[in-house]
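Open the model in your viewer and get ready to click around. Each stop below tells you what to select and what you'll find there.

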Amino acid sequence: MPLKAVILIGGPQKGTRFRPLSFEVPKPLFPVAGVPMVQHHIEACAKVPGMKEILLMGFYQPHEALSRFLVSAQQEFKIPIRYLQEYAALGTGGGIYHFRDQILSGGAGAFFVLNADVCSEFPLQEMLEFRQQHGDAHSFVILGTTANRTQALNYGCIVANADTQEVQHYVEKPSTFVSEIINCGIYLFTPAIFQHIGEVFQRNQQELVLEESSNGWQRAEVIRLEQDVFTALAGSNKLYVYKTDGFWSQIKSAGSAIYASRLYLNQYSKSHPERLAQNKPGGPIIRGNVYIHPTASIDSTAVLGPNVSIGEGVTVGAGVRVRESIVLHGASLHDHTCVLNTIVGWDSTIGRWARVEGTPSDPNPNDPYAKIDSETLFRDGRLTPSITILGRSHLHPAPHSEAPFRLTPHALSAGCSVTIPAEVVILNSIVLPHKELSRSYKNQIIL
């Protein structure tokens, strides 16, 4: 059976004073564990037997970095990969409905839909086998996992039949507890899904005619799989949940990117050990799982790990200590710097004997079902301690925005080409682009 995969990469967020990284580089291209975030999705899809094409879908403008990535990914994974640009943000269901002819071309008998802002083991083959064992040829499968009772309220909650795993009830972000099984944002559909999405589209159009809305053309096509489709399909013998015990997390913030990198590095130790650095004579000291790009220059006295990713062209000097961090390409860590719980962004420089440290925002280690929290950046009028980012950040000035001041949770950041001087301490602070600091900062926003 011919298969396809659709990866929803979204688009630039608007309406905030600070725009995300995606205005310069699409967020799905942000490196996690040494490769662009969305490459983990592509690699998983390419491994599925019968996969004919992978489609990236979003409303980013055509971008040189995205085009280069698509060419590189096609060459590496030997599978056609295309980008379909939405004319507006159409929602998780509206986008695939708009491009349904492209998805179904070539006679695809089924297709996966994956949200780009999640990390997972992506048990796609298992989902296929599960669908063959449950339901009929036109049934659909949601990937689910278990969360604790409190955090489940932040996700789509699934009530399923314990024997058949049929979804009997679905609620997106309920106000009270519904179920500990949550939606992972990874789906397996057949072409029959477009009939159900089309019914929502027709209903939206009818409602807009009654309202005589001036912008109805756009609102009618904005369709959310979770609220508009899954809620209606629950209890109809068409929707099933495949529960995974493998790792899964959302990547909504800088803190969650560090956590996702750790999960993927741990997976490398089992599936791709050749990607991880090893202790060798004349090389740096490696502790735990560490990825080092072949072009990086690392002094033999540096200590890296656990859970460190070093990008292309990075320079790490003598006596440097890096732990639980991502260092992006072109960055330079001078002798005896200490970098902990930090994202060091593109082309940033940290001076000798400087210390850059953030506060981790990990899930509760004593709760096997705990997920990473997306806390607000401010609490009680104060900056919430979180990880530090130095470099081209998730936040970028949007001077024409009139929206209230808001920042991405867990992103304590500095802009591209930021220079940290020697012998200073940067702790839990936000530094925007092109800053050359002259002193230490703690829990501050440096504009």
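Start with the largest cavity, which holds about 30 Å³ of space. A cavity here is a set of points, on a 1 Å grid over the protein atoms alone, where a 1.4 Å probe fits but cannot get out. Grid points are joined across faces, edges and corners, and the volume is the space filled by probe spheres set on the points. With a threshold of 30 Å³ or more, the count is one cavity. To see its walls, select Gly255, Ile258, Tyr259, Asn341, Pro360, Ser361, Asp362 and Ile387; lining residues have an atom within 4 Å of a point.

Two notes before moving on. This is a predicted model, where local features need pLDDT of at least 70 and side-chain atom pairs count only at pLDDT 80 or more, while totals for chains, interfaces and linings use all residues. Residues are numbered from 1 along each chain as its sequence is written, and side-chain values use heavy atoms, with hydrogens and water left out.

**Stop: Ser256**

Now pick Ser256, which has its place in helix 9 (residues 254–271). Helices (H or I, at least four residues) and strands (E, at least two) are DSSP runs, numbered from the N terminus. Is Ser256 buried or exposed? It counts as buried, at 2% relative accessibility. Buried means under 20% relative accessible area, exposed over 50%, and partly exposed in between, with a 1.4 Å probe and protein chains only. Show its surroundings and you'll find that Ser256 touches Gln250, Ile251 and Ile372, leaving out residues up to four places away in sequence. Contact means heavy atoms within 4.5 Å.

**Stop: strand 7 and its partners**

Select residues 110–115, which make up strand 7; six of its six residues are buried. Turn on the side chains: Ala110, Phe112 and Leu114 point one way, while Phe111, Val113 and Asn115 point the other. In a regular strand the side chains alternate between the two faces of the sheet.

Which strands join strand 7? Strand 1 (residues 3–10) runs parallel to strand 7 and is joined to it by six bridges. Two strands pair if DSSP finds at least two bridges between them. Look for Leu8, which stands opposite Asn115. Strand 12 (residues 181–189) runs antiparallel to strand 7, with four bridges between them. There, Val113 has Tyr187 as its bridge partner.

While you're here, try helix 3 (residues 91–98), where six of eight residues are buried. Those six are Thr92, Gly93, Gly94, Gly95, Ile96 and Tyr97.

**Stop: the aromatic cluster**

Show the rings of Phe111, Phe140, Tyr170, Tyr187, Phe189, Phe194 and Phe230: together they form one aromatic cluster. Rings of Phe, Tyr and Trp (its six-membered ring) pair if their centres lie within 6.5 Å; planes under 30 degrees apart count as stacked, over 60 as edge-to-face and the rest as tilted. By this rule there are twelve aromatic pairs.

Zoom in on Tyr170 and Phe230: their ring centres are 5.7 Å apart and their planes lie at 75 degrees, so this pair is edge-to-face. Tyr170 belongs to strand 11 (residues 167–172) and Phe230 to helix 8 (residues 225–233), so the pair ties together parts that are 60 residues apart in sequence. Tyr170 is buried at 1% relative accessible area, and Phe230 is buried at 0%.

Next, compare Tyr187 and Phe189. Their ring centres are 5.7 Å apart with planes at 25 degrees, so the pair is stacked. Both Tyr187 and Phe189 are buried.

**Stop: charges over rings**

Select Arg149 and Phe177: Arg149 lies over the face of the ring, 3.7 Å from its centre. Then go to Arg275, whose charged end sits over the ring of Tyr268, 5.0 Å from the centre. The rule asks for NZ of Lys or CZ of Arg within 6 Å of the ring centre and within 35 degrees of the ring normal.

**Last stop: the open sheet**

Finally, colour strands 17, 20, 23, 26 and 32: these five form an open sheet in the order 17-20-23-26-32, with parallel pairing. Strand 17 (297–298) and strand 32 (419–420) stand at the edges with a single partner strand each, so one side of each has no neighbour in the sheet. Inside the sheet, two bridges join strand 20 (residues 315–316) to strand 23 (residues 332–333), and Val316 stands opposite Leu333.

End on Ser297 in strand 17, which is partly exposed at 42% relative accessibility. Beyond its neighbours within four places in sequence, Ser297 is in contact with Val314, Thr315 and Val316. Ser297 and Val316 are 19 residues apart in sequence and 6.2 Å apart in space, C-alpha to C-alpha.

Technical notes. On a 1 Å grid over the protein atoms alone, a cavity is a set of points where a 1.4 Å probe fits but cannot get out, and a pocket is an open set with protein on both sides within 12 Å along at least five of seven lines; lining residues have an atom within 4 Å of a point.
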